[in-house]
There are 2 protein chains.
Amino acid sequence: MSSATAGLALDPVLKRIDENLTDSLKRVFELVRMPSISTDPGYAADCRKAAEWLVAQLKGIGFDASVRDTPGHPMVVAHHEGAAADAPHVLFYGHYDVQPVDPIELWDTEPFQPAIKTGPDGAKIITGRGTADDKGQLMTFVEACRAYKEIHGGLPCKVTILFEGEEESGSPSLKPFLDANSEELKADFALVCDTSMWDANTPAISTGLRGLVGEEITIQAADRDLHSGYFGGAAANPIHILSKILADMHDADGKVTIPNFYEGVDETPKEILEQWENLGQTAEKFLGEIGLALPSGEKGRSVLELTWARPTAEVNGIIGGYTGEGFKTVIAAKASAKVSFRLVGKQDPAAIRENFREFVRSRIPADCTVSFHEHGGSPGIQLPYDSTVLQKAKDALSDEWPNPALMIGMGGSIPVVGDFQTMLGMDSVLVGFGLADDRIHSPNEKYALKSYHKGQRSWARILDALAAG
Amino acid sequence: MSSATAGLALDPVLKRIDENLTDSLKRVFELVRMPSISTDPGYAADCRKAAEWLVAQLKGIGFDASVRDTPGHPMVVAHHEGAAADAPHVLFYGHYDVQPVDPIELWDTEPFQPAIKTGPDGAKIITGRGTADDKGQLMTFVEACRAYKEIHGGLPCKVTILFEGEEESGSPSLKPFLDANSEELKADFALVCDTSMWDANTPAISTGLRGLVGEEITIQAADRDLHSGYFGGAAANPIHILSKILADMHDADGKVTIPNFYEGVDETPKEILEQWENLGQTAEKFLGEIGLALPSGEKGRSVLELTWARPTAEVNGIIGGYTGEGFKTVIAAKASAKVSFRLVGKQDPAAIRENFREFVRSRIPADCTVSFHEHGGSPGIQLPYDSTVLQKAKDALSDEWPNPALMIGMGGSIPVVGDFQTMLGMDSVLVGFGLADDRIHSPNEKYALKSYHKGQRSWARILDALAAG
């Protein structure tokens, strides 16, 4: 069952995790109650409160922990020595900030009043914004460390912890912080807990994940809002211009039409596609869970390939003109959209951004203007399948869960993984216990109680396996 | 100068209007201070207050006036006999409701705290929401009646007044009200004061005006907001679907592509186009005032033809996904747009609406849905150029203003004119004193003080001319 340890027996640690569960829930509830929405400046004080709370928790279990200011929301950095000098030094990363909660009226529970509920399938869940993304996840690691400390007075590996408070708002402070503190943060590899399981019984390690480029464009036509009776038919309508640009971004086959967009995108090897094929995922199942049925992206590709290995262009928000109750016959002065690109392979975020801007500029009438606002960028990541660290983590996960762990792709971006790679020369092991129906970024976010409990046990096993050398 | 009267001398009435100007400004200020925004239910009490204030004013000058309830905002109806039995009976129409004020931060003055300011050209202006559309305009008629009453104790014509409180929100109660009160409201013709002058020295009578169809469409894709990392590339994005539909509405030449859209649209006669050509309006002048330069509608037509005699499809508002500060990598569950069509000639509002809906439905993927919300509809109007009533009004206006009055087209819709025609068999004489730069429906709406003053004098002259038989 458990692997050979480097001196710190695993089984009593697992037992202590089980005994601590009720108290560990109280702790994660405290964290979830803080509305640490990083994208909205109105919640800055709550972000700091969450960081301070985490520092107090980590100090309480023997870490040398501190809140570290940035121009934005603060970082949490903590250090703990390992029991054996030859065990690896790991950097654990998570983020304490959360997404906004709108539309608030669609929540069945209070987003910042976490509770244990029973889900539709009878499984216990923890409800609340951030339970799955990423507060519940990062706490699985903290609680694993707590159990080690309580049983053995130490940790099997040397551990550095980095908790970020701006992951949901483009991580503006991350790179400068890594740059300024590279010596302190550099470890043998990173453990990143911000991903999902394959299903409720099957853990997964994400070996590839998509990058992200965020752009906001604002088109200005007339210098004021216009009456559509006086000016309609003669004056430029920025919503029309914007709609045309957004519609132009995809061709009839769902391919992105921005020039050179697919530069650096390799076709996924046939054998990998076949492995994914064997997972039994279908468009009906994948999309059926969210009330859809038809894949909408590039034609002729499976939903797993589309979401794990293909780049996208998505409009994440659009606004212009009168959007209140009733009707207003106005031609708006301006209209804007937030657009993001998911990147794979060697797509260059800077080139994608510039090509998109040129694509937009070329479609703006001579008497109108466009302005751009950058919202972060990071390349896609593909981790080496043959690393021994990955293999150890895979075996440890397979020991804990009913089904063996899978190596999968990831549709989402975790920019920090790219930054760890390029700035600290450090690979990341991506292990997380989210589930596809956790509704992260949506109303009614939840985290499975089983994920929270067995997640803690999984980290105890992984630390044990990594220390075994 | 003044025409022959039917017993009530005109000159002392004009003199009294001049003497009353300061007090008449106090009165219109009182009305503008009431935020009677009809499209927002939160202002219902203010709408009623405005109606009650108007009734008090009209009673004060001898009208038999009352507030008349509707399922929405109330109507004001008032009656006054004429001095001569053979003078015509006129129905005067205006509306006391106003547009919303957003974006409020773009106002230089408080929208509901009217003030006299000096405009950039040195002319005095009255600032505030509704000063031009339509409170200032309707008060020009009330003040003309006041002066007649004060000088002669009566009015030259029999006058019925109808003030509506839902003009800016699709006039849902108007047709039922006209239907239920047709006997009471029927007159020989209507005087409608909701239009503009050609320029600050040149009055105009609008003989054609465009109709309007308002539609709101909401596209629903997934049953919840989605994380664009997990689902991006596979799940339908309703903003993409909506953008495509809106982009599809016009072809590369600016023509509307909705099937049968141009059914009932006649080409404007060559001689009329030539008359308009001679007015000296250019795209540079017309659009230059609002910071634009290039006509954006159907190619190969002048801006006057585009705005007076051609139908349009315009998006007046669009919203979907995350539109707050920062960025949210969400794929929205739904997206919606408010779309309006300006109609001319014999275009049928019901057919346009149904053809548009079919156009939209045919572009909705099978696993997504669309819902429609109707926001009013009215056909375009073309008044007979050869009517003697129009001619009298034209002459009266030419007596008051530096330049002779013009007969022009009108880009905006005044649905009541169509309703008067179809339901009460009554033509309308469209006379108003707005100016192109009044910024109606926009921040910093204003009304020229000269419009307010000479508008009153114009109505006194028109009533005099009409009574002359």
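# A tour of the predicted model, chain by chain

Start in chain B by selecting helix 12 (residues 388-400) together with helix 14: the two pack at an angle of about 140°, and their axes are 9 Å apart. That angle makes helix 12 of chain B oblique to helix 14 of chain B. The crossing of helix 12 of chain B over helix 14 of chain B is right-handed. This is a predicted model, and local features are reported where pLDDT is at least 70.

To see the contact itself, show side chains on both helices. From helix 12 of chain B, display V389(B), K392(B), A393(B), D395(B), A396(B), L397(B), D399(B) and E400(B); they meet K454(B), R457(B), S458(B), R461(B), I462(B), A465(B) and L466(B) in helix 14 of chain B. Coloured by class, this contact of helix 12 with helix 14 of chain B shows 7 nonpolar, 1 polar and 7 charged residues.

**The sheet in chain B**

Keep helix 14 of chain B on screen and add strands 4, 5 and 18 of chain B. In what order do the 3 strands of this open sheet in chain B lie? The order is 4-5-18, with antiparallel pairing. Strand 4 (115-118) and strand 18 (446-448) of chain B are the edge strands, each pairing on one side only. From one strand to the next, the twist averages 35°.

Now zoom in on strand 5 (residues 124-127) of chain B and strand 18 of chain B, which run antiparallel and are joined by 3 bridges. Select I126(B) and look across to strand 18 of chain B, where its bridge partner is Y447(B).

Two helices can be viewed against this sheet. Helix 3 of chain B packs on the sheet and touches strand 5 and strand 18 of chain B, with its direction at about 45° to that of strand 18 of chain B. Helix 14 (residues 449-467) of chain B also packs on the sheet; it touches strand 4, strand 5 and strand 18 of chain B, and its direction makes about 55° with that of strand 18 of chain B.

**Helix 1 and helix 3 of chain B**

Stay with helix 3 (residues 131-152) of chain B and add helix 1 (residues 11-32) of chain B: their axes come within 8 Å and cross at roughly 140°. Helix 1 of chain B is therefore oblique to helix 3 of chain B. Helix 1 of chain B passes helix 3 of chain B in a right-handed crossing. On the helix 1 side, the residues to display include P12(B), V13(B), R16(B), I17(B) and N20(B), and on the helix 3 side they include M139(B), E143(B), A144(B), A147(B) and I151(B). By class, the contact of these two helices of chain B has 11 nonpolar, 4 polar and 6 charged residues.

**Between the chains**

Next, show both chains. How many residues does each chain bring to the contact? Chain B gives 81 residues and chain A gives 83 residues. On the side of chain B that touches chain A, strand 11 (residues 312-321) of chain B gives the most, with 9 residues. That side of chain B divides into 33 nonpolar, 34 polar and 14 charged residues.

Select strand 11 (residues 312-321) of chain A and strand 11 of chain B, which pair in the antiparallel sense over 5 bridges. Within this pairing, find G317(A), which stands opposite G321(B) in strand 11 of chain B.

**Domains of chain A**

Hide chain B and colour chain A by its domain assignment, which gives domain 1 (11-209 + 382-467) and domain 2 (211-265 + 311-378). Taken over C-alpha atoms, the centres of domain 1 and domain 2 of chain A are separated by 35 Å. The contact takes 6 residues from domain 1 of chain A and 7 residues from domain 2 of chain A. On the domain 1 side there are 1 nonpolar, 5 polar and no charged residues.

**A hairpin and some backbone details**

In chain A, select strand 4 (residues 115-118) and strand 5 (residues 124-127), an antiparallel pair with 4 bridges. K117(A) stands opposite I125(A) in strand 5 of chain A. The hairpin of these strands of chain A has 5 residues between the strands, and G122(A) takes a positive phi near 90° there.

Most residues other than glycine have a negative phi, and most peptide bonds are trans. H441(A) is not a glycine, yet it has a positive phi of about 70°; look for H441(A) in the loop between strand 17 (428-431) and strand 18 (446-448) of chain A.

Finish at a cis peptide bond in each chain. One joins D102(A) and P103(A), with omega about 0°, and P103(A) is in the loop between strand 3 (89-95) and strand 4 of chain A. Another joins D102(B) and P103(B), with omega about 0°; P103(B) is in the loop between strand 3 (89-95) and strand 4 of chain B.

Notes. Residues are numbered from 1 along each chain as its sequence is written. Chains are lettered from A and ligands numbered from 1 in the order in which they are written. This is a predicted model: local features need pLDDT of at least 70, side-chain atom pairs count only at pLDDT 80 or more; totals for chains, interfaces and linings use all residues. Axes are lines fitted to C-alpha atoms, for helices over the stretch in contact, and angles run from 0 to 180 degrees between N-to-C directions. Angles under 35 degrees count as roughly parallel, over 145 as roughly antiparallel, 65 to 115 as roughly perpendicular and the rest as oblique. A crossing is left-handed if the near helix is turned anticlockwise from the far one by less than a right angle, and right-handed if clockwise. Ala, Val, Leu, Ile, Met, Phe, Trp, Tyr, Cys and Pro count as nonpolar, Asp, Glu, Lys and Arg as charged, and the others, Gly among them, as polar. Two strands pair if DSSP finds at least two bridges between them. Domain bounds come from an automatic or database domain assignment.
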